Every structure is written in structure tokens, then in C-alpha cells.
Amino acid sequence: MNPAGTCAAPAGDWIVACLCAQWCGICRGWRDAYRELAQQSADLLPASRWLWVDVESQADALGDFEPENFPVLAVQQGARLLYCAALPQQAGNWRRMVQSLGALDEEQAQRWAAQLQDLGLDLRRLHDEAD
């Protein structure tokens, strides 16, 4: 983050998604804390959407992507997927990761996205299952 509190990465819509499974007890236990994190973290990425996604109910939109572990933090900026990996359900870790992704410059963002290109995952196809 720069001193003004805005993200350093180029302009574009941000999506922060928690990819979980309804059958997963860890995910169900993390849901309320994730929602609270989303509400408290709106300042990290201006104009970002925070999604709670059940991978089974949105399997068609996820294509061939199948997480090996849960919960998965996925962050996309515009058409670029910048991060997609399981993280322990600790709000501080998730907040720091989102903050660091928002601070990437253009060159760094391109490098991060290149590493995930083969996943074929596009968070823009997903919808929030908050309730």
C-alpha cells in the first residue's frame, strides 16, 4: 500500500474469493470470520468484491479447477488471477496476503499471474453465496 492507502497495482476490478465446500467443517467454521474480514478489509482494495464460494455448487464456473485443501484464498485483479492457494483460516494471514497483492506493481503482478495462468480459473464467473 502506498501512504495514501490506495493499492499500487494497476486499476481494475478486484475479486477476493474464499473457495470452500459446504461439507467441510473447517470451511463452515471459517465463514463468519471471513465475512467479518471482508467487511473490515474494504480499504485494502478499493472497489473489490469479496465472495464466499462453494466449489461444488459452482463447479461449472470453476471448470477443471479442484482445490486439494480448504479453505482457498483466490485473488484476481481484472482478468489476472494473482493468487490461489489454501491458507489456514486466520484472518491476519488472509489480510496480509490481500494487502501485499494490492501493493504489487505492474511487473510484479504480471509475474504472479503468469505462474497461475495454467489454472484457467476466472473468478469473474463466480457469485457470492453469503447466505
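## Close-up views of a predicted model

**View 1. Arginine 35 and its surroundings.** Arginine 35 touches Trp50, Leu51, Trp52, Asp128 and Ala130, leaving aside residues up to four places away in sequence. The model shown here is predicted. Arginine 35 belongs to helix 1. Is arginine 35 buried or exposed? Its relative accessible area is 19%. Buried means under 20%, so arginine 35 counts as buried. Its side chain also makes a polar contact of 2.4 Å with the side chain of aspartate 128.

**View 2. The open sheet.** 4 strands make up this sheet, in the order 2-1-3-4. The sheet is open, and its pairing is mixed. Which strands form the edges? They are strand 2 (48–54) and strand 4, each of which pairs on one side only. On average, neighbouring strands are turned by 15° against each other, direction ignored. In general, strands of a sheet pair through backbone hydrogen bonds, either parallel or antiparallel.

**View 3. Strand 1 beside strand 2.** Strand 1 covers residues 14–20 and runs parallel to strand 2. How many bridges join strand 1 to strand 2? There are 7. Pick out the partners one by one. Isoleucine 15 stands opposite arginine 49 in strand 2. Valine 16 has tryptophan 50 as its bridge partner. Leucine 19 has valine 53. Of the 7 residues of strand 2, 6 are buried, so the strand is largely enclosed by the rest of the structure.

**View 4. The two sides of strand 1.** In a regular strand, side chains alternate between the two faces of the sheet. Here, Trp14, Val16, Cys18 and Cys20 point one way from strand 1. Ile15, Ala17 and Leu19 point the other way. Are these residues buried or exposed? All are buried. With 7 of its 7 residues buried, strand 1 is largely enclosed by the rest of the structure.

**View 5. The largest nonpolar core.** This core has 45 residues. Which residues have the most contacts inside it? They are Leu19, Tyr34 and Leu73. Several elements each supply at least two residues of the core, among them helix 1 (25–40), helix 2 (59–62) and strand 3. Strand 1 gives the most, with 7 residues. Now look at tyrosine 34. Tyrosine 34 touches Val16, Ala17, Cys18, Trp50, Leu51, Trp52 and Trp94, not counting residues up to four places away in sequence.

**View 6. Helix 3 across the strands.** Helix 3 spans residues 91–102. It lies across strand 1, strand 2, strand 3 (72–77) and strand 4. Helix 3 runs at about 20° to strand 3.

**View 7. Helix 4 and its two faces.** Which residues of helix 4 (residues 106–116) are buried? They are Ala109, Ala113 and Leu116. Seen down the helix axis, these buried residues fall within an arc of 55°, so they line one face of helix 4. An α-helix has 3.6 residues a turn, so residues three or four places apart point the same way. Strand 4 (80–86) is part of what covers the buried residues of helix 4. The face turned away from the buried side carries the exposed residues Glu107 and Gln115. At the start of helix 4, a side-chain oxygen of aspartate 105 comes to within 3.2 Å of the backbone nitrogen of glutamate 107.

Terms used:
Residues numbered from 1 in each chain as written. Predicted model: local features only at pLDDT ≥ 70, side-chain atom pairs only at ≥ 80, totals over all residues. Heavy atoms only, no water. Buried < 20%, exposed > 50% of the residue type's maximum accessible area, 1.4 Å probe, protein only. Arc of directions from axis to C-beta. Contact = heavy atoms within 4.5 Å. Polar contact = N/O pair within 3.5 Å; in protein donor to acceptor, adjacent residues only side chain to side chain. Pairing = 2+ DSSP bridges. Axes fitted to C-alpha atoms, helices over the stretch in contact; angles between N-to-C directions. Core = buried A, V, L, I, M, F, W, Y, C linked by side-chain atoms within 4.5 Å.
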